[in-house]
Amino acid sequence: MGVRSDYVTRPREQIASILRARKRFISAAEIHRALGSAKARVSLSTVYRTLEHLQTKGDVTVRIEPAGESTYMLCEPEHHHHHAICKVCGRVDDVDCTAIEQFSESLRSLNGFALEDHAMEFFGRCKACQ
Ligand SMILES: [Zn+2]
Ligand SMILES: [Zn+2]
Ligand SMILES: [Zn+2]
């Protein structure tokens, strides 16, 4: 019994630890490759299923790349924040929403517009890539 439940939880832990180590958006295929080099026998469909599960749990966020591919990253969406993505190395930093809250207030006072929702990503170069 113990062996069986270990076997079931292993891919999830392995995938979570790969995502934790990268701190950038990576595709299911990249995760699958990384698992392969760790000598883990996890199929690509298990990777997708596990990512879906982590997404439902709220541990993983998905991003659709310009080429249409889905990429994944560990993230806490329940804590509202934005992502600053390095165009050179792909590093992702969490940034808080203070600037947009101020923008929302000026929208209300200048245009009478009530901003209810927004989604935004920032692109540039991280400290190491400047
Ligand atoms: Zn995040
Ligand atoms: Zn960078
Ligand atoms: Zn925001």
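**Three zinc sites across two domains**

The donor residues of the zinc ion (ligand 2) follow the sequence spacing C-x2-C-x36-C-x2-C. Cysteine 86 of this site lies in strand β4 and cysteine 129 in the segment after β6, so the pair ties together parts that are 43 residues apart in sequence. The model is predicted. Two further zinc ions, ligand 3 and ligand 1, are also bound by protein donors. The domain assignment divides the protein into domain 1 (2-74) and domain 2 (82-129).

**Zinc ion (ligand 2)**

- The coordinating atoms are the SG atoms of Cys86, Cys89, Cys126 and Cys129, at 2.3 to 2.4 Å.
- The angles subtended by the four donor atoms run from 103 to 114 degrees, which makes the arrangement tetrahedral. The range allowed for that label is between 85 and 135 degrees.
- Cysteine 86 has 5% relative accessibility and counts as buried.

**Zinc ion (ligand 3)**

- Protein donors here are the NE2 atoms of His80, His82 and His118 together with SG of Cys97, lying 2.0 to 2.1 Å from the ion.
- The site is tetrahedral, with angles of 103 to 116 degrees among its four donor atoms.
- Along the chain, the donor residues of the zinc ion (ligand 3) are spaced H-x1-H-x14-C-x20-H.
- Histidine 80 sits in the loop between β3 (70-74) and β4 (82-86), and cysteine 97 in the loop between β5 (92-95) and α4 (98-111), so this pair ties together parts that are 17 residues apart in sequence.
- In space, cysteine 97 and histidine 80 are 7.5 Å apart, C-alpha to C-alpha.
- Once neighbours within four places in sequence are left aside, cysteine 97 is in contact with His80, His82 and His118. These three histidines are donors to the zinc ion (ligand 3), as is Cys97.
- Cysteine 97 is buried, with a relative accessible area of 6%, whereas histidine 80 is partly exposed at 42% relative accessibility.

**Zinc ion (ligand 1)**

- The protein donors of the zinc ion (ligand 1) are Cys75 (SG), His81 (NE2), His83 (NE2) and Asp94 (OD), lying 2.0 to 2.7 Å from it.
- The angles among the four donor atoms of this site range from 89 to 165 degrees, and the site is irregular. The upper value falls outside the tetrahedral range, which ends at 135 degrees.
- The donor residues of the zinc ion (ligand 1) have the sequence spacing C-x5-H-x1-H-x10-D.
- Cysteine 75 is buried, with a relative accessible area of 10%. Histidine 81, at 12% relative accessibility, also counts as buried.

**Sheet β5-β4-β6**

- Three strands make up an open sheet in the order β5-β4-β6, with mixed pairing.
- Its edge strands are β5 and β6 (121-124), each of which pairs on one side only.
- From one strand to the next, the twist averages 25 degrees.
- β4 and β5 run antiparallel and are joined by four bridges.
- The two strands β4 and β5 form a hairpin with five residues between them, and glycine 90 in the turn has a positive phi of about 85 degrees.
- Histidine 83 stands opposite aspartate 94 in β5. Both residues are donors to the zinc ion (ligand 1).
- Isoleucine 85 stands opposite valine 92 in β5.

**Sheet β1-β3-β2**

- A second open sheet holds three strands in the order β1-β3-β2, and its pairing is antiparallel.
- β1 (26-27) and β2 (60-64) are the edge strands, each pairing on one side only.
- Five bridges connect β2 with β3, and these strands run antiparallel.
- Valine 60 is placed opposite leucine 74 in β3.

**Domain arrangement**

- The C-alpha centres of domain 1 and domain 2 are 27 Å apart.
- Contact between the domains involves six residues of domain 1 and nine residues of domain 2.

Definitions and conventions: Residues are numbered from 1 along each chain as its sequence is written. Chains are lettered from A and ligands numbered from 1 in the order in which they are written. This is a predicted model: local features need pLDDT of at least 70, side-chain atom pairs count only at pLDDT 80 or more; totals for chains, interfaces and linings use all residues. Side-chain values use heavy atoms; hydrogens and water are left out. Donors are N, O and S atoms within 2.8 Å of the metal (3.2 Å for Na, K and Ca); water is not among the atoms, so sites may look incomplete. Four donors count as tetrahedral if all angles lie between 85 and 135 degrees; four count as square planar and six as octahedral if opposite donors are over 155 degrees apart and all others between 65 and 115; anything else is irregular. Buried means under 20% relative accessible area, exposed over 50%, partly exposed in between (1.4 Å probe, protein chains only). Two strands pair if DSSP finds at least two bridges between them. Axes are lines fitted to C-alpha atoms, for helices over the stretch in contact, and angles run from 0 to 180 degrees between N-to-C directions. Domain bounds come from an automatic or database domain assignment. Contact means heavy atoms within 4.5 Å.
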